[in-house]
Amino acid sequence: MAVVILQPHGLGDHIFCISLAHQIADRKEIIWPVLDHFLPGLRFAYPQINWVRVGSLGRQVEEFKRIGFVRGHTIVPIRWADQLTKVIYKDCMRSKYDLYGLDWNTWNHFTFKRNHDKEAQLFSDILKLQLDEPFRLINRRFTSLESKSVEIPDSKEMRNIEMQSIEGFSLFDWSKVISRATEIHTVGTSINYIIELLSIQAENVVLYKRLPDENNYHNYDYILKRHKYIYT
């Protein structure tokens, strides 16, 4: 028997729920269907989990919308946790833990495995950054397919590095860039969960609303505790 986690979208949701998955599985195998483009990064970052392609387990399993068992697997339907717990959207993230009576504050008890070779390659060879070089890291795009973006100003005082999808590199491979940035300006998205797990040089993180989808930060600002955040 295995535990199947139903949360196919949202890299931030995956990171946030790693601890949840391990607590529920209690040493059983964890099978987690996700979107194809997330697979390489997640498989390296969290090798203890069996990451599979969305759809590979079939609709009967992956569209199961309640706590229960299918084909001998324990189904963990956190994709629909806010509906199952009947909470407002503001509590959609913590509801994934609340559904099982677990403390959501334990989400950051599991960090990810870092690929230091890829981090160094991205930092030095691709972005051509120097260790002592000040730069503003900018992340404008959001959604699982990076299909939406917001306006974030460039810096006139230092080099601007805009985050982008680069073949062969995952979001996790940006960890060195994130850690060494002089300033970080980002829309609220999965990078926030990476930032919370890292030590960073930036004095604060400037956050931008996911406009026009959201006009506040209420559904995740309570999770961001490790660093100083400026909400624009």
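These legends accompany several close-up views of one predicted model.

**View 1. The whole chain, seen as a predicted model.**
Let's begin with the full picture: the chain holds nine helices and twelve strands. Its C-alpha atoms fill a box of roughly 60 × 35 × 30 Å along the principal axes. How does the radius of gyration fit a compact globule? For 232 residues such a globule would have a value near 17 Å, and the chain has 18 Å, so the two agree.

**View 2. Inside and outside of the chain.**
Of the 232 residues in the chain, 53% are buried. The chain exposes about 11,600 Å², and carbon and sulfur atoms supply 48% of that area. Now look at who touches whom: among contacts with a separation of 6 or more, 61% are between residues 24 or more positions apart.

**View 3. An open sheet of five strands.**
Follow the strands across the sheet and you will read the order β3-β2-β1-β5-β4, with mixed pairing. Why do β3 and β4 each have one side without a neighbour in the sheet? Both β3 (50–53) and β4 (68–70) stand at the edges, each with a single partner strand, so one side of each is left free of a neighbour there. Neighbouring strands of this sheet are turned against each other by 35 degrees on average, direction ignored. As a reminder, strands of a sheet pair through backbone hydrogen bonds, either parallel or antiparallel.

**View 4. Strand β2 and its two partners.**
Here we zoom in on β2, which covers residues 29–34. Is this strand mostly covered or mostly uncovered? Five of the six residues of β2 are buried, so to speak of it as mostly covered is fair. On the β1 side, three bridges join β1 to β2, and the two strands run parallel. Ala 2 stands opposite Glu 29 of β2. On the β3 side, four bridges link β2 to β3, again in parallel. Two pairs can be picked out here: Ile 31 stands opposite Asn 50 in β3, and Pro 33 has Val 52 in β3 as its bridge partner.

**View 5. Helices that go with the sheet.**
Helix α2 (residues 18–25) lies across β1 (2–5), β2, β3 and β5 (73–76). Relative to β2, helix α2 runs at about 140 degrees. A second helix, α3 (residues 39–45), belongs to a β-α-β unit with β2 and β3. Which hand does this unit have? The unit made by β2, helix α3 and β3 is right-handed.

Note on methods: Residues are numbered from 1 along each chain as its sequence is written. This is a predicted model: local features need pLDDT of at least 70, side-chain atom pairs count only at pLDDT 80 or more; totals for chains, interfaces and linings use all residues. Side-chain values use heavy atoms; hydrogens and water are left out. Two strands pair if DSSP finds at least two bridges between them. Axes are lines fitted to C-alpha atoms, for helices over the stretch in contact, and angles run from 0 to 180 degrees between N-to-C directions. Contact means heavy atoms within 4.5 Å. The radius of gyration is taken over C-alpha atoms; the globule rule is 2.2 Å times the number of residues to the power 0.38. Buried means under 20% relative accessible area, exposed over 50%, partly exposed in between (1.4 Å probe, protein chains only). Accessible areas come from the Shrake-Rupley method with a 1.4 Å probe; for residues, only the protein chains shown count as cover. A crossover is right-handed if, with the strands pointing away from the viewer, the path from the first strand over the helix to the second runs clockwise.
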